[in-house]
Amino acid sequence: DAKQPYEHILVSRPAHGVGLITLNRPKALNALNSPLFEELNKAAEELDNDHSIGALVLTGSDRAFAAGADIKEMKDKTYSDVFGNRFLESWTKIQNLRKPIIAAVSGYALGGGCELALMCDIILASPTATFGQPEINLGVIPGGGGTQRLIRSIGKSRTMELVLTGRNFSAVEAESWGIVSKVVGEGEGQVVKEAVQLAEKIAGKGRLAVQAGKEAVNAAYELTLAEGLNFERRLFHGLFATHDQKEGMSAFAEKRKAKFTHS
Ligand code: CAA
């Protein structure tokens, strides 16, 4: 498609207020090389800054969300290459988006692919989704946040088992541990369809409240309970300065649907 400015990803707007990024290196099962990540960061930033967009969806193909960092690209790198060039540091950009980003995972989400999904705010999985942190089999460990994010959601014993054996885990396991919010029904494209519907629903809310909600939930990773409760309450107070708070509460009192203007 000549209109697509990217080589390794596709960007579209499949529903009102929704930006969809599709990883598109099918021959390498969407292995995450540097050019792909550069494009992903650029597209995500553009959608994050686009006032017509309220939520993002990130997906891959039916066969692979992403099979990890590109092993062929990494294979011959030296310590001075990776340390000197801050290898993988650019991956953190996805976690700093203001707008919600939903991962729609089908097929392999391994290594960096699993970590990329974990950076997203919500994960929906198809029944075929296969997660794992297999880096131990390559003589390394996860480098995109896997050890830190997994332990915060599934606990130490499970995280240790996964990181130290490199075994895969299923969509059903991921859901039962709370990593995945829902395993969708079978069928090609079903997970993307549901993720887009979910994103559209979120995009219909007041954007300032959505941004504050995301910030408050993420703050729980960093703050003590007392600090977190205080932070949440301050954000809650701050929303009383918005038009959407007046509109949302008036609409309730007047028994009508709120019309948010994101202001
Ligand atoms: N990097 C580079 N190329 C990859 C890749 C990766 N992570 N994963 C798959 N590919 C390539 C394969 O080399 C193959 O290319 P060729 O056709 O040129 O040989 C193509 O994609 C198709 O893969 P397979 O033939 O292997 O397909 P399969 O169905 O037999 O197996 C698989 C699928 C089990 C996912 C297997 O490809 C695999 O094990 N991939 C590697 C998974 C992995 O170890 N990921 C972790 C990477 S390290 C990391 O991510 C570090 C970090 O923390 C950031």
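**Exercise 1. Describe how helix H5 packs against helix H6 in this predicted model.**

*Solution.* Step 1: locate the two elements. H5 covers residues 146-154 and H6 covers residues 156-165.
Step 2: state the geometry. The helices pack at an angle of about 145°, and their axes are 7 Å apart. The crossing of H5 past H6 is right-handed.
Step 3: list the residues that meet. H5 contributes Gly146, Thr147, Leu150, Ile151 and Ile154, while H6 contributes Lys156, Arg158, Thr159, Leu162 and Val163.
Step 4: sort the contact by class. Five residues are nonpolar, three are polar and two are charged.

**Exercise 2. Determine which strands stand at the edges of the four-stranded sheet, and what follows for them.**

*Solution.* Step 1: write down the strand order. This open sheet runs S4-S6-S8-S9, and its pairing is mixed.
Step 2: find the edges. Strand S4 (64-66) and strand S9 (168-170) each have a single partner strand, so one side of each lacks a neighbour in the sheet.
Step 3: add the twist. On average, neighbouring strands of this sheet are turned by 25° against each other, direction ignored.
Step 4: examine one pairing. S6 and strand S8 (residues 130-132) run parallel and are joined by three bridges. Ala109 has Phe131 in S8 as its bridge partner.
Step 5: place the helix. H4 packs on the sheet and touches S4, S6 and S8, with a direction at about 90° to that of S6.

**Exercise 3. Trace the six-stranded sheet and name the helix that lies across its strands.**

*Solution.* Step 1: give the order. The open sheet reads S1-S2-S3-S5-S7-S10, with mixed pairing. Its edge strands are S1 (9-15) and S10 (182-183), each of which pairs on one side only.
Step 2: examine one pairing. S1 and strand S2 (residues 18-23) are antiparallel over five bridges. Within S2, Leu20 is the bridge partner of Ser12.
Step 3: identify the helix. Helix H8 (residues 190-203) lies across S1, S2, S3, S5 and S7, and runs at about 165° to S3.

**Exercise 4. Characterise the surroundings of the ligand.**

*Solution.* Step 1: count and pick out the nearest residues. There are 22 residues around the ligand, of which Ala31, Ala67, Gly68, Gly111 and Gly112 come nearest.
Step 2: assign elements. Helix H2 (71-74), strand S6 (108-110) and helix H4 (112-119) each give two or more residues to the shell.
Step 3: divide by class. The shell holds 12 nonpolar, six polar and four charged residues.

Methods:
Residues numbered from 1 in each chain as written. Predicted model: local features only at pLDDT ≥ 70, side-chain atom pairs only at ≥ 80, totals over all residues. Pairing = 2+ DSSP bridges. Contact = placed C-beta atoms within 7 Å. Axes fitted to C-alpha atoms, helices over the stretch in contact; angles between N-to-C directions. Left-handed = near helix turned anticlockwise from the far one by under 90°. Nonpolar A, V, L, I, M, F, W, Y, C, P; charged D, E, K, R; others polar. Near = placed C-beta within 6 Å.
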